[in-house]
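Student: I've got a fold in front of me and I'd like to talk through how it packs. Can we take it a piece at a time?

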Amino acid sequence: MNKVILMGRLVKDPEIRYSKSETPIAIAQYILAVRKNYVRENEADAEFINIVAFGKNADFVAKYFSKGSRIIVEGKLHQDAWEDAEHKRHWKYEVIVEHQYFAEGHNKRNDIEIQSDEEIQSIEGEIAAGEAKM
């Protein structure tokens with residue numbers, strides 16, 4: 001199973017582009033800062049995850065998300081690997097969006113409104129319990 005669920009804030013405004021196909025498809029890329037539960041000394045208190053959305057998900061990102069937006073992303077982990085001119089191997093990981101939700105705010109369009117870390121932990125518990133039943 002390849003399933004990723006993350007909650008965090010956009011580090012900067014998303015980048016939107018379109019494929020070069022006959023019927024262009026929207027592609028949105030953004031970086032999500034996800035807080036760590038445990039932080040070592042001299043270490044960042046967040047992980048910075050590359051996120052990619054296609055089609056309607058990308059259109060949604062372009063219309064509603066901006067720097068600082070707190071969101072929940074459901075998707076799958078994708079790995080790109082390549083070799084540079086010096087034959088050094090590189091890897092890049094990103095999450096491909098399947099679903100995305102607002103995680104805060106008072107916007108009437110929000111699918112989810114979360115006000116505290118306790119509510120977030122409760123939702124995470126419900127998700128984990130639901131997966132355990134599968």
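Tutor: Sure, here are some questions and answers on the core, the strand pairing and two single residues. Bear in mind that this is a predicted model: local features need pLDDT of at least 70 and side-chain atom pairs count only at pLDDT 80 or more, while totals for chains, interfaces and linings use all residues. Residues are numbered from 1 along each chain as its sequence is written, and side-chain values use heavy atoms, with hydrogens and water left out.

Student: Which element gives the most residues to the largest nonpolar core?

Tutor: A nonpolar core here is a set of buried Ala, Val, Leu, Ile, Met, Phe, Trp, Tyr and Cys residues joined through side-chain atoms within 4.5 Å. The largest one has 18 residues, and Leu-6, Tyr-30 and Leu-32 are among those with the most contacts inside it. Elements giving two or more residues to this core include strand 1 (4-10), strand 4 (46-54) and helix 1 (55-64); helices (H or I, at least four residues) and strands (E, at least two) are DSSP runs, numbered from the N terminus. The top contributor, with five residues, is strand 3.

Student: How many residues of strand 3 are buried?

Tutor: Buried means under 20% relative accessible area, exposed over 50%, and partly exposed in between (1.4 Å probe, protein chains only). Strand 3 is mostly covered, and of its 10 residues the buried ones number seven.

Student: What is the bridge partner of Gln-29 in strand 4?

Tutor: Two strands pair if DSSP finds at least two bridges between them. Strand 3 and strand 4 pair in the antiparallel sense over nine bridges. On another side of the pairing, Glu-15 has Gln-29 as its bridge partner in strand 3. In strand 4, Gln-29 is partnered by Val-52.

Student: Is Glu-94 buried or exposed?

Tutor: Glu-94 sits in strand 6. Leaving aside neighbours within four places in sequence, Glu-94 is in contact (heavy atoms within 4.5 Å) with residues including Asn-50, Val-52 and Lys-76. Its relative accessible area is 8%, so Glu-94 counts as buried.

Student: How far apart in space are Gly-68 and Leu-32, C-alpha to C-alpha?

Tutor: Gly-68 lies in the loop between helix 1 and strand 5, and at 30% relative accessibility it is partly exposed. Leaving aside neighbours within four places in sequence, Gly-68 is in contact with Arg-9, Leu-10 and Glu-104. Leu-32 is the bridge partner of Leu-10 in strand 3. Gly-68 and Leu-32 are 36 residues apart in sequence, and their C-alpha to C-alpha distance is 9.3 Å.
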